[in-house]
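Good morning, and thank you for coming. Today I should like to discuss how the parts of one structure meet one another.

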Amino acid sequence: MPRFLSRRGFLITGAALGGTALIAAVGGVGYLATVDVDGLDGFVDGDRAVLNAFLTIQGDGRVVIQVPRTEMGQGIHTGLAMVVAEELDLPFDDRISVAFPTEPLPAYANWFNVLQQRPEEASGPAVWVGRRVLGLLGFIATGASASTMALWHPMRVAGAAARQMLLAAGSARLGVPAAQLTTADGFVRHEASGRSLFYGELAREAALLPPPDDPVLKPAADWRLIGKSQRRVDLPAKVRGEQVFGMDVVLPDMLHASIRHAPVFGARVSRIANEAEVRAQPGVKDVAVIDGRQVAVVADSWWQAEQAASLLDIAWTQTEAAGVTSAEMSARLKTALGSAEPYENINEGDVEAAIAGSTSPMIDATYEVPFLTHACMEPMNATVLVRQDGSVEAWVPSQSPLGVRTGIGRGTGWAGLEPTSITCNITMNGGAFGRRSDLDVTAQAAFLAARHRGRPVKVIWSREEDIGRGLYRSHAAARLRAALGPDGLPVAYDALVAAQSIIHSVAGRNLPFNPGPDGDSLSVEGLDKLHYTIPNRRVRSQNVPSHMPIGFWRSNGFSFNTFFTESFVDECALAAGADPLAYRRTLLRDSPRHLAVLNRAAELAGWGSPMAQGRGRGIAVEECYRSVIAQVAEVTVAEDGEITVDRVFGAIDVGMVINPDAVIAQMEGGIIFGVTTALMSAITLDGGTVTESNFHDFPVQRMANAPAVEVAIVDSGLPPGGAGEPGIVPVAAAIANAIHAATGRRIRALPLAVTETVGERRTRTVLRSAAT
Amino acid sequence: MVELMVNGTRVSVETDAGKPLLWVLREDLDLLGPKYGCGVAQCGACRVLIDGESTPSCVTPIDSVAGASVVTVEGLVQADGTLSLVQQAWIDEQVPQCGFCQPGFIIAATALLEATPQPTDAQIDEAITNICRCGTYPRIRRAIHRAATMLAER
Ligand code: FES
Ligand code: FES
């Protein structure tokens, strides 16, 4: 049992373990009306006073805030540390550091993601049980833009509880009632006597006190950190070049491995024609087939491993997928759009009757997007050590320690070894975008480490393996239909998406259970447009399997569906003869929150002001991750079709903001990421194989023609929403709509342009031929 | 055996003559600031200054830099720990997100400002060809301008 389980939590967990969770839950409904926060008890370990699961104060007064979420650039370590520092009355300076805890405590579980209930509001037996189960499983994962939503309240409570414990310790030490004490700047003060005590002096006593039952939270009016931009805690190391990413983990006696995967997913290793030759290369220690599917070369350095791996002559088994091309995938998707019985995700009113009854022509459009990959700047890697006693330790830039544990179990299992214990060190991630929630690399490293017990093995994938042999965003298509009423507004809206089920593919690889391929909730994100007032609405989906492994990809279904739907709304506006902004305003008449964000973006962009010939402006709006975002793109299309996105204006309502500058950074970065998706990148299949291999043929936005970005935060006063993903969501539609405004051409497939190389590391984007 | 200066210190390395400088720095000299991002001179994450010139170290064989002076991102920090002007501008503008690409950008910007102390936007576009997947370009541009201003005021 981990040391941190709160005493209260321990009793309840004990009951759950005894199989009486349900009885306890039902019997305890009254008591559990509000779900409490786990992990508030402390302990002392040497000169470290661990006040609770989220906070450690050292004797020298240095404070370590335990943030059980992955920092992958979004600034979550800073935002959540701010919340604790706020309640603790700690100055937010370099005395504070952040660590990803290695113990998978229940308090760290991401039950918000599964149960979709905010901790500050969650109640009832289902939450109680779900929370216990997910806590025991150690379900810790960073994704779905949920970290702030999941942890800001529990960490606030943890900070407040620790402050009260420090006050109680101060009261005992000074012999005055706690009510006469205040806290400021990391000190407990007694104003009347002028005495004060440093937190570092009190922390050890405080850690052993019982936590308050109901910690008193600081009123929002007194906040000095929350809502005010603070500098990121991780940036000094990052500009000094001292930040240790997964790839920078160096351990004594470490071995290095490079991997080759099958060119066609699903193929197996038939034989290695030149194993002896590869084994004889300098530094090479091992050539191993992993799970029958990959070949690893293990050497004294990664350079040697990669050099030797590049010599490998591997024969792969033939698979049925060996003939699949992108054109064929596209045809499969189009066929699926004609399927007789797609899965019905939403059906309100009677879409068919409304379409049949409409006198105006139906708007009917089909859209498509290609496979994509994440191309995180830090290539995939994992380091695992299997000790002689069977204990395992891993250092992985991962979005989930549970994923790492599972990967270790799988990899050591391939080697016939059962770990006696597992310790996960989650390192800084050089980008993640959903990619690092998979366990593939960890399993490979664990397998190799089990073959080389006592020596850590670091696996690094080359960029070529990452782009051409990794994980992908679905190739997807949708058919959208609408019937307009006499006022030009839709009386019926019908959406059908064809895509490979994301959840089914992810679960098939990583989970012991699989919800089945139909009705994938992630594949339909962004299709419902519930914020638009439309009387008849239907959303359907059709799973289109392929041999490609599909992974979570920044904003999942929104990454394609919002391009489809917000392009389509423009098409409806055009058919109705309306201005796209005015049309959306009318559609948002019952959604004031969305309307405010839309209006703010339009105002930022100066919507309606005249633009020169060849220039155009497009707008798009979406609700995602409990945030609302709108963007306006301005483009210039030259005579020869070269397209430049000059500026993007964004407005976002993420509810309550903890660190405004981090939200703005996510919007800026999301927009640039979205421009890449809109204009440039595609993964194409030929002979079942991905043809792209590196940044020369998987182009991403660079500095030279990147748009200028302007972002405004709209304050709705709502609880926090997500900020990591929304930024990319409306961009492609806003750009496609702007291209239409500039040229009269409606492009319904991504990427909207072809990327041409001009000189070294320099590209330009030219619109695809009108035929698309 | 190849001898060179790295961050002001003379070093000699015994390694395969064709091994790229990037992997010599990372594996033989424990300098982990320069990053591997592509290995083919596309992304710039591995950039270092070679005799003052910003160069992708992933395609620079070690034997080609014999006798040269190499500076990595770690070498920009002064002996007393003070950040270089460019690094400070990076903090002031809160540039990095994940940060993996940033050592390469900081090196590229350092070389740019050395040659062109007051670069225009067009000169920045011309000089900076690195990739940042997190999309920090707007802040990189601001930070370069800020560093230029700091340089002028110094
Ligand atoms: S790693 Fe050298 S340019 Fe990308
Ligand atoms: S900050 Fe992440 S790649 Fe640039």
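Let me begin with a term: a polar contact is a pair of N or O atoms within 3.5 Å, where, within protein, one atom must be able to donate a hydrogen and the other to accept it. Please keep in mind that we are looking at a predicted model.

I turn to chain A. The domain assignment divides chain A into domain 1 (9-240), domain 2 (246-319 + 380-460) and domain 3 (326-373 + 471-767). Consider domain 1 and domain 3 of chain A, whose C-alpha centres are separated by 38 Å. Their contact involves 23 residues from domain 1 of chain A and 18 residues from domain 3 of chain A. About 1500 Å² is buried between these two domains, and carbon and sulfur atoms give 57% of that area. On the side of domain 1 of chain A, the residues that lose the most area to domain 3 are A:R118, A:S145 and A:M149, together 31% of what that side buries.

How many residue pairs are in polar contact across the interface of domain 1 and domain 3 of chain A? The rule finds 7 such pairs, with both residues at pLDDT 80 or more. Salt bridges across this interface number 0. On the domain 1 side, α3 (76-88) and α6 (147-174) of chain A each supply at least two residues, and the largest share, 4 residues, comes from α3(A). That side of domain 1 of chain A divides into 9 nonpolar, 10 polar and 4 charged residues.

Next, chain B. Here the assignment gives domain 1 (2-76) and domain 2 (85-153), with C-alpha centres 21 Å apart. In contact are 16 residues of domain 1 of chain B and 12 residues of domain 2 of chain B. The buried area between them is about 1200 Å², with 69% given by carbon and sulfur atoms. In domain 1 of chain B, B:R47, B:V73 and B:L76 lose the most area to domain 2, together 40% of what that side buries. Across this interface of chain B there are 0 salt bridges, while 4 residue pairs are in polar contact, both residues at pLDDT 80 or more. The strand β3(B) gives the most to the domain 1 side, with 3 residues. By class, that side of domain 1 of chain B has 8 nonpolar, 6 polar and 2 charged residues.

Where, then, are salt bridges found? Over all chains, a search of the whole structure finds 61. One of them pairs the side chains of B:K35 and A:D248, at 2.6 Å from N to O. B:K35 lies in the loop between α1 (21-28) and β3 (47-50) of chain B, and A:D248 in the loop between α8 (235-240) and β9 (255-261) of chain A, so this pair joins two chains. B:K35 and A:D248 are both buried.

A further salt bridge links B:D92 and B:R146, whose closest N and O atoms are 3.6 Å apart. Because B:D92 lies in helix α2 (residues 85-92) and B:R146 in helix α5 (residues 137-153) of chain B, the pair ties together parts that are 54 residues apart in sequence. B:R146 is partly exposed, with a relative accessible area of 33%. B:D92 and B:R146 also belong to a network of salt bridges whose members include A:R231, A:D661 and A:E668.

Thank you for your attention.

Note on methods: Residues are numbered from 1 along each chain as its sequence is written. Chains are lettered from A and ligands numbered from 1 in the order in which they are written. This is a predicted model: local features need pLDDT of at least 70, side-chain atom pairs count only at pLDDT 80 or more; totals for chains, interfaces and linings use all residues. Side-chain values use heavy atoms; hydrogens and water are left out. A salt bridge is a side-chain nitrogen of Lys or Arg within 4 Å of a carboxyl oxygen of Asp or Glu. Buried means under 20% relative accessible area, exposed over 50%, partly exposed in between (1.4 Å probe, protein chains only). Domain bounds come from an automatic or database domain assignment. Contact means heavy atoms within 4.5 Å. Buried area is the accessible area (1.4 Å probe) that two parts lose on being put together, summed over both. A polar contact is a pair of N or O atoms within 3.5 Å; within protein, one must be able to donate a hydrogen and the other to accept it, and residues adjacent in sequence count only if both atoms are side-chain atoms. Ala, Val, Leu, Ile, Met, Phe, Trp, Tyr, Cys and Pro count as nonpolar, Asp, Glu, Lys and Arg as charged, and the others, Gly among them, as polar.
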